[in-house]
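Colleague: Please take a close look at the charged side-chain pairs in this model. I should like to know where the partners lie along the chain and how accessible they are.

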Amino acid sequence: MSSDKSRAGSMDSTGDHYGLRVVMLPWLAHGHASPFLELAKRLSRHDVFVHFCSTPANLVSMREQFDANAFPSIRLVELQLPALPGLPPDLHTTKHLPSHLMPTLKQAFDLAEPDFGLLLQALHPDLLIYDFLQPWAPLSAHRRNIPAIQFLTTAASSAAFFCHCIKRPTEEFPFPAMSLGVKENLEHIATMNRFANGMSDGERFLRCMDRSSGFIAIRTFREIEAKYIDYLSCVLDKEVVPVGPLVPDDDDDDDGSSGRDRLTDQDRETERSIMSWLGAKEKSSVVLATFGSEYFMCKEEMREVARGLELSGLSFIWVVRFPKDGILPTVAGDSSSWATALPSGFVERVVKGEGRGLVVEGWAPQRKILSHPGVGGFLTHCGWSSVVEAMKYGVPIIALPLQLDQPPNAKLVEELGVGMAVTKGKGVLGEFEGEEVAKGIRDVVVGEQGESVRRKARQMARVISRRDDEEIKVLVEKMAALGEAAKRDGREVI
């Protein structure tokens, strides 16, 4: 814990006059910290004071995602991780983290439990809200008579799928639309079940859910996932409480959806150039292509995306990201400079020559682009944040899942009718070809086959626009009841 005892004591007194005082501890990934912060903003409107706890490396981007003056009831609190070989403090986040260091980061996070316990003791909140990979966090809270609830930042369908496959491996998943295929189901679960510090991710996931006090909160809403919310509750034998899609309000100027730490003058110039270029395009004529802030495509994948965008014949904005060292892996396992990753002549031919595309390196204002009327399709990896943002703005999805929960998310997109998946070889995580990418883009954006997708995407935007804060009110009531029960009984009820 970075603060000394006196500073911790001053933090403890802050927020005493609020109805509830909460500590939040997300996993060290932008895709988790960002929805946690959005939940904190919503809770702050309901007399809740939030201590938002993460590593200094992770809090850099959080500081840029909200105006502290506008949210005086949110306090950022640093949690220092212990030093481990090969893991400097600037890599105490999954952003830019080499994949071979992920087990080390999880181990360092585990080893921070004693300092986190001291932090809980100093702040003594009414409640802890924690994530899916730190089963030690609720135990630390329970020992101090503090109720702890898990907040899942994933879709209910993907959470239900993974829980079912882990807890009921011999049974068929009861929703055929979500099945990846028998062989693919097993292979995909295996990729999700990596070990770190002597524990598999699946075991961490289940222990976190088992230790949640009374219920589990989840980032979704019943209009799109009622049956999956109910089934997840059945599998876990615990209430699952949806808290809504948690997409930032349109008047929120900070666009943290792309994982940018802070907006530089160059970023703002990039934004102006993109929006000016987009403003000259016809309605629903442009495809946004981006694949998350923490996945680096290999050279072969980038080549096929480039071919797909070119062959589609449509205008596009492609956000590309490269490792800090500028070296991309290849399928064969060697490496290649990112400068050679795009097909020969692609930029000169399609971007400079035809002028129908933009290739933007590193960062782009994703929500602002999706909300622009010129955008008619979203080629995406189907990270859950990207999916709910597309649904909010009524942009039909061309699904190209790459890892983790993205294949089930893509299946949900198809089931809801708001998008279509790119056809792949060798299963949902297999290789894809440019021709199939181009076909997926054209089908969704301009094809007759995509008419119903475009219509349902617009309908979904209307559904989300009519939603209010009722789910947050329900969550606050349930949180308050847990806190009161713990105080009354002198013990925490799980």
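Modeller: A salt bridge is counted when a side-chain nitrogen of Lys or Arg lies within 4 Å of a carboxyl oxygen of Asp or Glu. The model is predicted, so local features need pLDDT of at least 70 and side-chain atom pairs pLDDT 80 or more, while totals for chains, interfaces and linings use all residues. Numbering starts from 1 along each chain as its sequence is written, and side-chain values use heavy atoms, without hydrogens or water.

Across the whole structure, the search returns 21 salt bridges. One of them joins Glu271 to Lys368, with an N to O distance of 3.9 Å between the side chains. Its partners come from distant parts of the chain, 97 residues apart: Glu271 belongs to helix H11 (residues 265-279), whereas Lys368 belongs to helix H14 (residues 366-370). Helices here are DSSP runs of H or I, at least four residues long, numbered from the N terminus. The two partners are classed separately by accessibility. Glu271 is buried, at a relative accessible area of 17%, and Lys368 is partly exposed, at 27%; buried means under 20%, exposed over 50%, and partly exposed in between, with a 1.4 Å probe and protein chains only.

A second pair is formed by the side chains of Glu223 and Arg467, which meet at 3.5 Å, N to O. Glu223 is part of helix H10 (residues 222-236), and Arg467 sits in the loop between helix H18 (451-465) and helix H19 (470-489); the salt bridge therefore ties together parts that are 244 residues apart in sequence. On the acidic side of this pair, Glu223 is exposed, with a relative accessible area of 51%.

The third pair lies between residues with consecutive numbers. Arg303 and Glu304 form a salt bridge in which the closest N and O atoms are 3.0 Å apart. Glu304 is buried, its relative accessible area being 10%. For its partner Arg303 the value is 35%, and that residue is partly exposed. Both residues also take part in a network of salt bridges that links Arg303, Glu304, Arg307 and Glu435.

Taken by their acidic residues, the pairs give this picture: Glu271 and Glu304 are buried, while Glu223 is exposed. Their basic partners Lys368 and Arg303 are partly exposed.

How values were computed:
Helix = DSSP H or I, 4+ residues; strand = E, 2+ residues; numbered from the N terminus.
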